[in-house]
Amino acid sequence: MAKKGYKYLDEIDSPEDLRRLAVPELETLAAEIRDFMVAELSVNPGHFASSFGAVELAIALHYVYDTPEDKVVWDVGHQAYAHKILTGRRECFHTNRKLGGISGFPRMEESPYDAFGAGHASVSISAALGMAQANKLQDIRRNVVAVIGDGALTGGLAYEGLNNAGASNADMLVILNDNNMSISPNVGALKEYLLGITTSKRYNRLKNRVWNAMSGVPRLRRTIQNFGEVVKQSILKQSNLFESLNFRYFGPIDGHDLKSLVRVLGDMRNIPGPKLLHVVTKKGKGYEPAEKNPPIWHAPGKFDPATGTLLASPTADQPARYQDVFGHTLLELARLDKRVVGVTPAMLTGSSMDILQREMPQRCFDVGIAEGHAVTFSAGLAAGGMVPFCNIYSSFIQRAYDHIIHDAVIQQLPVIFCLDRAGLVGEDGVTHHGAFDLAFLRTLPGLTVAAPANEAELRDMMYTALLSGVPFAIRYPRGRGTGADWSGAFRRLETGRGETLRKGEDTVVLAIGTVVNDALQAAARAEKEGISTEVVNMRFAKPLDTALLHDVGKRFRRIVTVEDGTVEGGMGSAVAEFISSHGYGSEIIRLGIPDKFIHHGTIAELKRLCGYDTEGILTAIRRTADKQQ
């Protein structure tokens with residue numbers, strides 16, 4: 001836990017305490033928060049650079065607004081650590097992302113200050129608009145603020161929210177936290193001048209009076225409005241997207257200047273209608289190693305707080321990460337076949353598609369945080385004769401479900417969906433677990449759905465998908481593989497065929513994905529207890545290996561299915577449907593993620609809680625043996 005002895009931070013347990021400070025004292029508080037976060041995150045890793053860049057913004061928002069009565073909606077939540085520290089969670093911040101501890105993202109059930117939960121990007125504007133309209137319908141006087149980063153603004157949902165908010169003339173503020181640029185001194189001075197005019201209470205009061213007075217003269221009103229746009233464009237040398245969407249645009253301003261932030265937010269608080277404040281910040285602000293390399297410091301793991309040296313675990317002799325197997329295999333396939341391209345929505349490094357980008361940048365497309373566009377763009381590539389490998393994290397592809405159906409599967413276009421971070425992902429928790437892909441993808445006619453048991457199978461499945469000529473989904477987990485040799489020649493797998501890895505007589509375990517390895521370990525332990533257990537690597541959730549299932553249905557009275565996904569509608573459900581529809585009387589025990597949302601902890605802890613780690617599978621095998629006696 002971080003040190004005590006801070007001049008101001010130790011006394012702040014809520015924004016009410018924060019508001020007792022004078023504005024000049026806030027600078028010292030910001031430095032204390034950064035020192036606290038360095039101490040905490042160096043030993044208990046989390047999202048670093050984004051939260052460091054938003055310290056002053058969090059302070060100013062809670063200083064100016066009457067939270068939690070006023071609502072502040074944080075987009076994604078990577079930038080919200082200072083917000084959490086200021087809202088009563090400083091003492092428990094050492095539990096961040098740990099089993100039973102606080103979440104790394106805003107979570108409504110955790111605190112009244114978390115106005116809306118968010119782990120995925122681009123939701124804040126739409127959610128804030130809903131709150132603003134709810135205030136209007138209930139005649140409640142309450143401020144609503146959405147904080148969104150420039151990266152999240154690439155998501156289509158953000159523009160849908162902006163468009164609707166502008167048309168509805170809702171009383172809300174959108175803060176664009178832009179951390180991908182800096183303000184040059186000469187431009188900054190002009191912007192500060194304009195900002196001083198446009199945030200003036202007297203100016204806005206006069207503007208509203210004139211505007212209202214002209215309400216009965218629409219032609220004159222339009223003429224003055226058009227003249228205002230001409231003047232604005234002649235000064236700024238550009239049109240303003242936000243103004244065209246009926247937002248009053250303010251900024252950009254320095255997001256690390258607390259005095260200006262407090263002044264501007266205070267002035268804007270009583271301006272009616274939709275407003276957007278453009279705030280420029282620097283990722284990693286206040287910690288030099290993070291400022292120099294924000295991508296590495298997005299989530300750096302443990303580090304030496306004094307030097308910034310990353311304390312990465314030794315990688316020698318460790319199995320490859322599944323994402324790296326994907327990245328290297330994609331490059332191999334691209335060398336073999338000139339039709340192969342890679343597509344990802346802002347996850348080049350996270351998916352290891354940067355391996356392809358470095359050698360073949362023209363065949364690698366990062367489309368920004370826009371999952372639906374990534375899928376439809378891939379479908380367009382396929383329609384044009386290419387074979388796109390569209391890599392999207394499992395939990396994020398939920399946002400593109402209609403695009404998968406309408407744009408790829410119905411038209412039988414050979415888009416290969418590679419779903420990274422499938423299954424339980426660990427500390428990122430409920431919004432990031434890839435729990436549902438097997439269930440929602442296996443319902444789609446004509447889509448092949450596969451999951452490898454190890455690194456070699458991932459490589460072979462990618463090769464098989466390339467040769468298939470049909471829509472194909474491959475899901476694989478976060479983290480390292482089993483150590484399987486994946487350096488050999490490509491092997492084409494037979495679609496819809498599983499493999500019996502271990503013969504048995506008493507019971508059978510049908511597993512898919514990397515939990516096949518847990519099943520093998522459980523079967524070996526069961527053997528020592530006198531239970532002969534067969535283990536099958538199903539490989540495909542769709543199409544199922546019907547010949548294998550007929551054999552299993554005839555030979556075994558009890559069947560255990562295991563998957564790193566929801567048991568509701570997943571591979572186990574597919575097996576149960578088959579067994580039932582063909583009149584086999586086998587009883588089926590389905591193991592996987594139960595029918596509830598699973599929060600954060602290590603993957604090992606969460607698998608144990610869900611009951612499908614090695615011990616959980618062994619327990620199920622014992623149950624089948626007991627029932628047969």
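Two strands are taken to pair if DSSP finds at least two bridges between them. On this basis, the predicted model contains an open sheet of five strands, in which the order is 1-2-3-5-4 and the pairing is parallel. Strand 1 (71-74) and strand 4 (248-254) form the edges of this sheet, each pairing on one side only. Averaged over neighbouring strands of the sheet, and with direction ignored, the turn of one strand against the next is 20°.

The pairing can be followed from strand 1 inward. Strand 1 and strand 2 run parallel and are joined by four bridges; within this pair, W74 stands opposite V147 of strand 2. Strand 2 (residues 144-149) in turn pairs with strand 3 in the parallel sense, over five bridges. V145 has L173 of strand 3 as its bridge partner. The connection between these two strands involves helix 7 (residues 156-168), and strand 2, helix 7 and strand 3 together make a right-handed β-α-β unit. Strand 3 is also joined to strand 5 (residues 274-280), with which it runs parallel, by seven bridges. Here the bridge partner of M172 is P274 in strand 5.

Strand 3 (residues 172-178) is mostly covered, seven of its seven residues being buried. In a regular strand the side chains alternate between the two faces of the sheet. In strand 3 both faces are covered: M172, V174, L176 and D178 are buried on one side, and L173, I175 and N177 are buried on the other. L173, the bridge partner of V145, and M172, the bridge partner of P274, thus belong to opposite sides of the strand, and both are buried.

Charged side chains were examined next. A search of the whole structure finds 35 salt bridges. One of the salt bridges is formed by the side chains of R399 and E371, at 3.8 Å from N to O. This pair links distant parts of the chain, 28 residues apart: R399 is in the loop between helix 18 (394-397) and helix 19 (401-409), and E371 is in helix 17 (residues 371-383). The two partners are covered to unlike degrees. R399 has a relative accessibility of 30% and therefore counts as partly exposed, whereas E371, at 7%, counts as buried.

A further salt bridge is formed between R539 and E457, whose closest N and O atoms are 2.6 Å apart. These residues also lie in distant parts of the chain, with their positions 82 residues apart: R539 is in the loop between strand 14 (533-537) and strand 15 (540-542), and E457 is in helix 21 (residues 455-468). Both R539 and E457 are buried.

The salt bridge between the side chains of R555 and D551, at 3.1 Å from N to O, is set within a single element. R555 and D551 are separated by about one helical turn, because they are four residues apart in helix 23 (residues 546-555). Both members of the pair are partly exposed: the relative accessible area of R555 is 36%, and the relative accessibility of D551 is 35%. Salt bridges also link K84, R89, E110 and D114 in a network.

Two buried arginines make polar contacts through their side chains. R34 lies in helix 2 (residues 25-41) and has a relative accessible area of 8%, so this residue is buried. The side chain of R34 makes a polar contact with the side chain of E56 at 2.8 Å, and also reaches the backbone oxygen of K285 at 2.6 Å. Apart from neighbours within four places in sequence, the residues in contact with R34 are F52, V55, E56, H256, K285 and G286.

The second of these arginines, R558, lies in strand 16 (residues 558-566). With a relative accessible area of 11%, R558 is buried. The side chain of R558 makes a polar contact with that of E587, at 3.2 Å.

How values were computed:
Residues are numbered from 1 along each chain as its sequence is written. This is a predicted model: local features need pLDDT of at least 70, side-chain atom pairs count only at pLDDT 80 or more; totals for chains, interfaces and linings use all residues. Side-chain values use heavy atoms; hydrogens and water are left out. A salt bridge is a side-chain nitrogen of Lys or Arg within 4 Å of a carboxyl oxygen of Asp or Glu. Buried means under 20% relative accessible area, exposed over 50%, partly exposed in between (1.4 Å probe, protein chains only). A polar contact is a pair of N or O atoms within 3.5 Å; within protein, one must be able to donate a hydrogen and the other to accept it, and residues adjacent in sequence count only if both atoms are side-chain atoms. Contact means heavy atoms within 4.5 Å. A crossover is right-handed if, with the strands pointing away from the viewer, the path from the first strand over the helix to the second runs clockwise. Axes are lines fitted to C-alpha atoms, for helices over the stretch in contact, and angles run from 0 to 180 degrees between N-to-C directions.
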